[in-house]
Amino acid sequence: MEEFVNSIARAMESSLGAELTVFLLSMIPIAEARFAIPFGITMGMNPFEAFGWAFLGTTVITPLLLLILIPIINALSRTKFFSKIGKFLYDKFEKKSKSITESDNQDGQNVGATHKKKLSKKELEKMGGTALFVAVPIPLTGVWTGSAVASIVKLGFLKGLISVAVGNAVACSIITLICWAFAEYVTYITIAFAVIAICVVIFLIVKLILYKPKDAATADEATGGEAKTDKIQPEIAERESADGDDNRSS
């Protein structure tokens, strides 16, 4: 496996170059800088060079994600063929955003002269929560999910960009330090991140197959309730009929 990864790294370096490879890999969802940095080091890059190109790639794509990711998902939700995918993705991102908005719900009722101060505090909490979320260097907490979360909690473009960029810088730094500290095992770190990313993709595909949109689930519950009622009615009628026969015989 180690030789296989090294051969892929050599092939990518000779065809695209290490810098462009890391730059492009960092833009791919799920993989992002978490995979691009150790892979770049596997190609022979200096850890700080790998950090720079991976951070640049993820930073370049963040403004675009903040502008179009959630609108595209919402548009997919309204189509006939991609409705399930759109609703599935939005529900996933919405669940990720709940930890950031929990504190807002507790003091969201306060209005009046201190409204601006409270709103500013909420925005800072949202920015900090988004940055911390992106800073965790594991799959599904990168700039793609972070940008979606920032859009869902209505953080705004500039505040969302700053939050995601800060969190991304922390995550990239953590990955770079790990790769630097365990330089002789960097290929195995690359393999580990690749395996984790593949497992996450498989898990998401299975979840998508089994996923039922909220409106469909509600409809199923309603239908199930009617079916149970229809099934109970004949049983009650039979019981009443039997009781009537017993009374006549007596």
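Rings of Phe, Tyr and Trp, the last represented by its six-membered ring, are paired if their centres lie within 6.5 Å. In this structure, which is a predicted model, a search of the whole structure finds four aromatic pairs. One of them joins Phe23 and Trp53 in an edge-to-face arrangement, with 6.4 Å from centre to centre and 90 degrees between the planes. This pair links distant parts of the chain, since Phe23 belongs to helix α2 (residues 18–25) and Trp53 to helix α4, 30 residues apart. The two partners fall into separate burial classes: Phe23 has a relative accessibility of 17% and therefore counts as buried, while Trp53, at 34%, counts as partly exposed.

The rings of Phe35 and Phe39 form a further pair; their centres are 5.4 Å apart and their planes stand at 25 degrees, so the pair is stacked. The cut-off that matters here is that planes under 30 degrees apart count as stacked. Phe35 and Phe39 are separated by about one helical turn because they lie four residues apart in helix α3. Both Phe35 and Phe39 are buried.

Phe35 and Phe39 also lead to the second largest pocket, whose lining includes both of them. This pocket has a volume of about 170 Å³. Helices α1 (2–15), α3 (32–42) and α9 each supply at least two residues of its lining, and α9 gives the most, with five residues. Among the other lining residues are Met1, Phe4, Val5 and Ile8, together with Thr190, Ile191, Ala194, Val195 and Ile198. By class, this lining holds 10 nonpolar residues, one polar residue and no charged residues.

The largest pocket contains about 550 Å³ of space. Its lining comprises 24 residues, of which Ile30, Leu89, Phe93, Leu140 and Leu204 lie nearest the centre. Four helices, α4 (47–77), α5 (83–106), α7 (143–152) and α9 (186–210), each supply at least two residues of this lining. The largest share, six residues, comes from α4. The lining of the largest pocket divides into 18 nonpolar, three polar and three charged residues.

Two of the residues nearest the centre of the largest pocket, Ile30 and Leu140, merit attention for their backbone geometry. Ile30 has a phi near 75 degrees, a positive value in a residue other than glycine, and its place is in the loop between α2 and α3. With a relative accessible area of 18%, Ile30 is buried. Leu140 likewise is not a glycine, yet has a positive phi of about 70 degrees. Leu140 lies in the loop between α6 (115–135) and α7. Its relative accessible area is 25%, so Leu140 is partly exposed; the relevant limit is that buried means under 20%.

Beyond Leu140 the chain enters α7, one of the helices that contribute to the lining of the largest pocket. Helix α7 is mostly covered, with eight of its 10 residues buried. These buried residues are Val143, Thr145, Gly146, Ser147, Ala148, Val149, Ala150 and Ile152. A positive phi appears again after this helix: α7 is followed by Lys154, whose phi is near 55 degrees.

Charged contacts are the next topic. The structure holds two salt bridges. In one of them, Arg10 is joined to Glu3, and the closest N and O atoms are 3.0 Å apart. Arg10, at 48% relative accessibility, counts as partly exposed, whereas Glu3, at 52%, counts as exposed. The assignments follow from the limit of 50% relative accessible area, because a residue over this value is classed as exposed.

In the other salt bridge, Glu123 is joined to Lys159, with the closest N and O atoms 3.9 Å apart. This pair links distant parts of the chain, with Glu123 in helix α6 and Lys159 in helix α8 (residues 157–181), 36 residues apart. Both partners are partly exposed: Glu123 has a relative accessible area of 25%, and Lys159 has a relative accessibility of 31%.

Finally, the cysteines may be considered. A disulfide requires a pair of cysteine sulfur atoms within 2.5 Å, and by this rule the count comes to zero disulfides. Cys172 is buried, with a relative accessible area of 1%. Cys179, at 2% relative accessibility, counts as buried as well.

Conventions:
Residues are numbered from 1 along each chain as its sequence is written. This is a predicted model: local features need pLDDT of at least 70, side-chain atom pairs count only at pLDDT 80 or more; totals for chains, interfaces and linings use all residues. Side-chain values use heavy atoms; hydrogens and water are left out. On a 1 Å grid over the protein atoms alone, a cavity is a set of points where a 1.4 Å probe fits but cannot get out, and a pocket is an open set with protein on both sides within 12 Å along at least five of seven lines; lining residues have an atom within 4 Å of a point. Grid points are joined across faces, edges and corners, and a volume is the space filled by probe spheres set on the points. Ala, Val, Leu, Ile, Met, Phe, Trp, Tyr, Cys and Pro count as nonpolar, Asp, Glu, Lys and Arg as charged, and the others, Gly among them, as polar. Rings of Phe, Tyr and Trp (its six-membered ring) pair if their centres lie within 6.5 Å; planes under 30 degrees apart count as stacked, over 60 as edge-to-face and the rest as tilted. Buried means under 20% relative accessible area, exposed over 50%, partly exposed in between (1.4 Å probe, protein chains only). A salt bridge is a side-chain nitrogen of Lys or Arg within 4 Å of a carboxyl oxygen of Asp or Glu.
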